[in-house]
Amino acid sequence: MKELTCIVCPRGCRLVVDEENDYATAGNACPRGAEYAHAELTAPTRVLTSTVAVTGGIHPRCPVKTAAAIPKGLLPAAMRRIRAVCLAAPVQEGQVVIPDLLGTGVDLVACRDLPRAD
Amino acid sequence: MNGLYYDVIVIGGGPAGMAAALSAREQGAPKVLLIERDCELGGILNQCIHNGFGLHYFKQELTGPEYAGRFIRRLDGAGIEVWLDTMVLELDGLCLHTVSAAGGYRVVRAGSVVLAMGCRERTRGAIGIPGSRPAGIFTAGAAQRYVNIEGYLVGRRVLILGSGDIGLIMARRMTLEGASVLACVEVMPYSGGLARNIVQCLHDYDIPLLLSHTIVEIRGKNRVEQAVVAAVDGDRRPIPGTEQVFDCDTILLSVGLIPENELSRAAGIAIDPHTKGAVVYENMQTSLPGVFACGNVLHVHDLVDYVTAESQRAGRAAADYAAGQRREGAELELCAGDGVGYTVPQRLHLAHLDKTVPMFFRPRRVYGTCAVVARQNGRQVGRFRRERMAPGEMEQVALPALLLQDDGPVTLCVEEDA
């Protein structure tokens, strides 16, 4: 038996997971909690948010995120890859910044419009 | 006086102000003005680049800038005038004195006003940490702005004081950007942040959370060099002999937020000493007729989704007021009883209630299985079961309006199972 705090939503359900019994989960208020428990104990994933450099924009950084969760173990490598990027303004929200980040099949996308500084 | 008049004027272009302005317009206010002191709309959401926003309102997980972006795009073409880079200097009844580089000094009259100025962080001065005064001490939100918008990492070896959500989020953010976060130090025996943030911001990165601990000394001449941390007793007094020294160059403070009510106070609006925001009625109207308040300027929220919902109510009510609708008649007071820190709203117009009256509150401490009970003159008017409550998480109950009478104050309290 393993105890987890669900991080899917701000409710933060306290989960009790039976690893011996196909990860049967108790304490979850919704089905997403059981999915989270299974993933967390087998192949944990996280959505990564960070920023990338931008030239010519109203701010020097643009927020980005992975369009879906990626394996937790890849976060440090993903941060190194993200640090190497520099965009030129204007940036559009949803614009793909790095396609197929580290071969995960998940794109890194821009989280806001960043107009050119006039 | 020049002739500038708007039906509804909203002060502050963050999530609260944007939602209030949009709802005022949708409710039929012909001329709506949104005033923002920054160079762009979005408020603090612009620097909250982490995800987890919008789960209630949009039913999906967005980052702060994405949540703001949805409202910014809705404002485009909604027929709402927006003044950026503009400060409101004074609120004099329903008359605003404003100043901006582009427009100069302008006096604007309103049919109604919505206060949505948000909050700011408590600083070192507010909590009185002894020690020298070197560089390297930031509020967590200031560091967040430096890192996420300006692109500066504020330090390499970081200690975080306070376990509010911004501190937890910054612990993860600084770690991802290559800094070492040595510990998060919390004076209370429980965290002030959401449970999910303890897991995904501290546990994920093996950052220790030291509960019932505080910083007793900061050392360093020009830059922070060390912080001395000690355990505290039940009265939050440091226990001699428990000191440990951290070698760090940076201290981030996440020790609470204060609604920014300078304008409201100067306008003579009644302020609740517990929320540090205006006293409001069920429609978010303050003690000054025609002036409404919503979002973090009213009381500090944990979730922007609730800010949006509250601000939409304020915006609609402001439009109704500007159109001549008044709420009058018998009034009820809502009081915080045992175990309840505060309630919002604090007053009700008995004749103007919907079927249920949403009531927001924070418990004073952590509770296990318990009941939240509302009583009027000894009579129970509502009872709500809770599995767990904590001061870090705002609670909501819906009182049935039918059971409320012109019979004295309604008191909300927490009753634990025997």
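**Figure 1. The loop of chain B that holds B:Asn377, between β24 and β25.** In this predicted model, B:Asn377 is found in the loop that links strand β24 (370-376) to strand β25 (379-386) of chain B. The phi angle of B:Asn377 is near 50°, a positive value in a residue other than glycine. B:Asn377 counts as exposed because 11 other C-beta atoms lie within 10 Å, where a residue with 12 or fewer is classed as exposed.

**Figure 2. A second positive phi in chain B, at B:Asp206.** B:Asp206 is placed in the loop between α6 and β13 (209-211) of chain B, and its phi is positive, at about 55°, although the residue is not a glycine. Is B:Asp206 buried or exposed? With 8 C-beta neighbours inside 10 Å, B:Asp206 counts as exposed.

**Figure 3. The cis peptide bonds that precede B:Pro345 and A:Pro90.** In chain B, the peptide bond that runs from B:Val344 to B:Pro345 is cis, with omega near 0°, and B:Pro345 itself belongs to the loop between β21 (340-344) and β22 (347-349). In chain A, the bond from A:Ala89 to A:Pro90 is cis, with omega near 0°, and A:Pro90 sits in the loop between β8 (86-88) and β9 (96-98) of that chain.

**Figure 4. The surroundings of B:Val255, in the loop between β17 and β18 of chain B.** The loop that holds B:Val255 is bounded by β17 (250-253) and β18 (257-259). B:Val255 counts as buried because it has 23 C-beta neighbours inside 10 Å, the class being given to residues with 20 or more. When neighbours within four places in sequence are left aside, B:Val255 is in contact with B:Arg122, B:Ile127, B:Leu161 and B:Gly162. For B:Arg122, the separation from B:Val255 is 133 residues in sequence but 6.1 Å in space, C-alpha to C-alpha.

**Figure 5. B:Thr411 in strand β27 of chain B.** Strand β27 covers residues 410-416 of chain B and includes B:Thr411. With 20 other C-beta atoms within 10 Å, B:Thr411 is buried. Once residues up to four places away in sequence are excluded, B:Thr411 touches B:Cys335, B:Gly337 and B:Arg375. B:Ala318, by contrast, stands 93 residues from B:Thr411 in sequence and 28 Å from it in space, C-alpha to C-alpha.

**Figure 6. Packing of helices α1 and α2 of chain B.** The axes of α1 (residues 15-26) and α2 of chain B come within 10 Å and cross at roughly 35°, and the crossing is left-handed. Which residues form this contact? From α1(B) come B:Pro15, B:Met18, B:Ala19, B:Ala21 and B:Leu22, which meet B:Ala68, B:Phe71, B:Arg74 and B:Leu75 of α2(B). By class, the contact between the two helices has eight nonpolar residues, one charged residue and no polar residues.

**Figure 7. The side of chain B that touches chain A.** The contact between the chains takes 21 residues from chain B and 21 residues from chain A. On the side of chain B, at least two residues are supplied by each of β3 (51-53), α2 (64-75), α4 (140-150) and α6 (195-202), and α6(B) gives the most, with four residues. The residues on this side of chain B divide into nine nonpolar, eight polar and four charged. The model that includes these chains scores ipTM 0.93 and pTM 0.94.

**Figure 8. Domains of chain B and of chain A.** In the domain assignment of chain B, domain 1 is made of residues 1-121 + 257-327, domain 2 of residues 123-255 and domain 3 of residues 328-418. The centres of domain 2 and domain 3 of chain B, taken over C-alpha atoms, are separated by 35 Å. Each of these two domains of chain B gives five residues to the contact between them, and the side of domain 2 that touches domain 3 has two nonpolar, three polar and no charged residues. Chain A is divided into domain 1 (2-42) and domain 2 (49-110), whose C-alpha centres lie 29 Å apart. Chain B has a mean pLDDT of 95, and 99% of its residues reach 70 or more.

Methods. Residues numbered from 1 in each chain as written. Chains lettered and ligands numbered in written order. Predicted model: local features only at pLDDT ≥ 70, side-chain atom pairs only at ≥ 80, totals over all residues. Contact = placed C-beta atoms within 7 Å. Nonpolar A, V, L, I, M, F, W, Y, C, P; charged D, E, K, R; others polar. Domains from an automatic or database assignment. pLDDT = per-residue confidence, 0-100. Axes fitted to C-alpha atoms, helices over the stretch in contact; angles between N-to-C directions. Left-handed = near helix turned anticlockwise from the far one by under 90°.
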